[in-house]
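Colleague: I have the sequence and the fold on screen. Can you take my questions one by one?

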Amino acid sequence: MTWTPVCDYDAMLPERGVCALVGNVQVAVFRTYDGALHALANRDPFSGAYVLSRGIVGTRKGEPTVASPLHKQVFSLVSGRCLDEDAVTVPVYPVRVAGGCVEVSV
Amino acid sequence: MNRIVVVGYGPAAHRFVETLADKGFDGRITVIGEEPRPAYDRVALTSYLSGTTAEDLTYPVPGGVVTRLNTRVTGIDRQAGHVVTEDGGAEPYDVLVLATGSAPFVPPVPGAEHAFVYRTIEDLDAIRVAAKDAAEGVVIGGGLLGLEAADALRALGLKAHIVEMSPWLMPRQVDEGGGSVLKSHIEELGLSVHAGAGVQDIVTDGEGRVTGLRKPDGTLVDAQVVVFSAGIRPRDELARSAGLAVGERGGIVVDSAMRTSDPSIYAVGECALAGGMVYGLVGPCTTMAEVAAEQIMGGQAVFEGADLSTKLKLLGVEVAQFGAMDGALDVTYMDPVAGVYKKLFISDDAQTLLGGICVGDASPYTTLRPFVGKPLPAAPSDLLFTGSGAASLDLPDDAQVCSCNNVCAGDIRTAIAGSGAADVAGIKACTRAGTTCGSCVPMLKQLLEKSGVEVSKSLCEHFTYSRAELFDIVRVRKISTFSQLITEHGQGRGCDICKPAVASILASLHNGHVLEGERAALQDTNDAFLANIQKNGTYSVVPRIPGGEITPDKLIVIGEVARDFGLYTKITGGQRIDLFGARVEQLPEIWRRLVDAGFESGHAYGKALRTVKSCVGSTWCRYGVQDSVGMAIALELRYRGLRSPHKLKSAVSGCARECAEARSKDFGIIATEQGWNLYVGGNGGFKPRHADLLAKDLGTDELIRTIDRFLMFYIRTADRLQRTAAWIESLDGGLDYLREVIMEDSLGLCADLDAQMEHHIATYADEWQATLDDPDKLSRFVSFVNAPGVPDPSIVFGSERGQIRPAVAR
């Protein structure tokens, strides 16, 4: 497994996302309120635009989520599953903190 | 039976063809009317003088209906089965419906030919012209319509007199005690009331100009405009000449199916004599129209007379009457200081409510009218004092709640329990209750509450409060962060619904920067990047151009920025320029150039004040009466940056021609010779709505104070994403209530609202300037956090008409 550094963990604000370019893959990385990190594909499958990292982070029945900024479909940060449309899922990527640095693996 | 011809095109004819269309009639419907336009709302006729246009008042013609306007019908050939029009043409029918209405009664006094009547838009046009050179006007007839006409004369700037034969005003609705309270209300407004007086003649000078009216005792009332409003006479002349049965005192005789003495001819509305009565109120007339339509379609509906109860507001005074106007016993409540008079009539055993009269406070009308003919729900003295006593009454199932559409409490309970109507809109859709005059809407709400329907007002799964409740919690508890609010008053960590709503509340109350600290994580992407996201993930930029006024130098800067960054440019509907296709990392560079040239954020991305559009106004326009551009700029600068439950749009027009389209805005201002008219609650969008006139002829200070309070009251109490149009419609008491709160300070809120607006204005700062000055905020404006200089490769453009357009790179 190859890990790519993204940014300092301290640069990640609670309940906001950032986007990293890993090779030619766009990864949306989120930090939730409890400090946990999650990484999803940045591409919004409904619009085809690369925007998920700019969505609002929250919870649905306790599950951490992000809402697409274009048409507000909500995705689980844990599974990548769209909670508004069962059949739709976005890829989830491994993410970790190593030496204060956020890293993802694609 | 496939050809229906309707003669006359007033509200009854309109309801008739509308009902036929609703019921799926598939034959040919022809409506022949002598007026130049289809049916219009005569109840709201007076508003035509204060800015409502004829088009606003006109009802839409149902699809498939053929109309022949400006056409008089001169005869009915019952043998041949056709009507004859004045041009000699014939219109064949299988079923004929006469909806010829009535004509104002003008008594045969000398000089009456110089007087006006008050019925059609053309009548009002004529009165308006005559009022131009007049100082005083007199209305003969102090009934409902007469008082409307007097209000119209007053609105046209005349000193108005009312002459009424009876000893008091509105004798058909109120008794002597009510009449005297009504008189003092009206005299307080500067009108003169001459009750118990007749008309000898209309006096003219040597050149035939009206100078006044002479009463039988010889005294003169000075007036240059005379309007008769002395009752109506059914227009039955066509029926009469065709040999149909007519009443001794006029009116086309109909049975309970609305059929005349010829079974293929029906009559509806004011021309019909039903059960020996001619009805002049819109409620019974539209019921007749519905009955006729049902009958023609094979239904069984009948017209069995109508409740003549009335509730209205004339010259700002509430007047209501229901049930009988006398009884064995009566109980009166009178407060001459407040100008309130309420009386109930009850049976001799003091058990049954027979009727009531209200002047100055019509609240008993709504609660007690359904109890007419039924046991008194409480002691009469309790019922006459306003308030909770009367409001908590349990209505019997057969009590009529909506008299306009004849809907009983039982029907509404069925709609709630059986058809699942869960709110007022649902009840309206199921039963039509509350869809005509709306006076029963408070009753509908009570019935909903009593039925135990819990209308959820929770914002989302994280808060069980409505937006307005959250606003109060944040304000009263002085909460400054989302985390504190959700920890203390909610659950979970929020979502795309509650976070922006709370961000907006915090911004409205504190006016700090939207990207400061934790607040940055609450914002929708538009607010987070201070720009408008587009379908391909790029953003558009709208600099503020207050009032739509811009110097050539600034125009050139916008052009240069667009050219240098390769942006698509388009003029917006709000008189600004939108620059499309910017990537997030370009936004700070673009704004650096714009801010340096003196531009500020236009807040096109926010639920906030957008733009105050203007026409060019009196500075240049030969028609303008006020400086609309100056006013628009002043308002836009005053309210810029104000966050609200939804976007706010405004416009200022410099004269009544309304080139700025102010009446489609949340708050629109139209210049008058005397000042400014303020309209509120307009909307374009998918549910267009013309704004309502909130106040007339305001001075500049008064105008601004009223808008300040309107906006702040809206911000406090509206639901999330509820535009002002829907908000006003949701207010109990509607526009009148709004006027009481923000113009008469009925809730004692105004000082608070004023202070809140002062705070907003004092703390406004340009969001883009502040962002450019703060490296922390700027650091967010990158496509890739690990490659800040790299543009997003997914964003590609094609070209169209010489500019970029989004292309697909997938």
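Colleague: In which sense do strand 5 and strand 6 of chain B pair?

Modeller: This is a predicted model, where local features need pLDDT of at least 70, side-chain atom pairs count only at pLDDT 80 or more, and totals for chains, interfaces and linings use all residues. Residues are numbered from 1 along each chain as its sequence is written, with chains lettered from A and ligands numbered from 1 in the order in which they are written. Strand 5 (residues 82-85) of chain B meets strand 6 of chain B over three bridges; strands (E, at least two residues) and helices (H or I, at least four) are DSSP runs numbered from the N terminus, and two strands pair if DSSP finds at least two bridges between them. The sense is antiparallel.

Colleague: Which residue stands opposite B:Val84?

Modeller: The partner lies in strand 6 of chain B. That residue is B:Ala90.

Colleague: Which strands are the edges of this open sheet, 4-5-6?

Modeller: The sheet has three strands in chain B, with antiparallel pairing. An edge strand pairs on one side only. The edges are strand 4 (73-77) and strand 6 (90-92) of chain B.

Colleague: What is the order of the five strands in the open parallel sheet of chain B?

Modeller: Strand 3 (65-68) and strand 19 (265-267) of chain B are its edges. Strand 7 (residues 95-98) of chain B runs parallel to strand 19 of chain B, joined by three bridges, and B:Leu96 stands opposite B:Ile265 there. The order is 3-2-1-7-19.

Colleague: At what angle does helix 1 of chain B run to strand 2 of chain B?

Modeller: Helix 1 (residues 11-22) of chain B lies across strands 1 (3-7), 2 (28-32), 3 and 7 of chain B. Axes are lines fitted to C-alpha atoms, for helices over the stretch in contact, and angles run from 0 to 180 degrees between N-to-C directions. The angle is about 170°.

Colleague: Which helix gives the most to the largest nonpolar core?

Modeller: A nonpolar core is a set of buried Ala, Val, Leu, Ile, Met, Phe, Trp, Tyr and Cys residues joined through C-beta atoms within 7 Å. The largest has 82 residues, and those with the most contacts inside it include A:Ala20, B:Val502 and B:Leu587. Eight of its residues come from one helix. That is helix 16 (residues 498-510) of chain B.

Colleague: Which chain B residues does A:Ala20 contact?

Modeller: Contact means C-beta atoms, placed from the backbone, within 7 Å. Neighbours within four places in sequence are left aside. In chain A, its contacts include A:Val6 and A:Val104. In chain B, they are B:Phe784, B:Val785 and B:Asn786.

Colleague: How many residues does each chain bring to the contact?

Modeller: The chain B side divides into nine nonpolar, eight polar and seven charged. Here Ala, Val, Leu, Ile, Met, Phe, Trp, Tyr, Cys and Pro count as nonpolar, Asp, Glu, Lys and Arg as charged, and the others, Gly among them, as polar. The counts are 24 from chain B and 28 from chain A.

Colleague: Why does B:Cys659 count as partly exposed?

Modeller: The unreviewed UniProt entry annotates B:Cys659 as "binding site"; such annotations may be inferred rather than shown by experiment. A residue is buried if 20 or more other C-beta atoms lie within 10 Å of its own, exposed if 12 or fewer, and partly exposed in between. B:Cys659 is partly exposed because its C-beta neighbours inside 10 Å number 18.

Conventions
Two residues are in contact if their C-beta atoms, placed from the backbone, lie within 7 Å.
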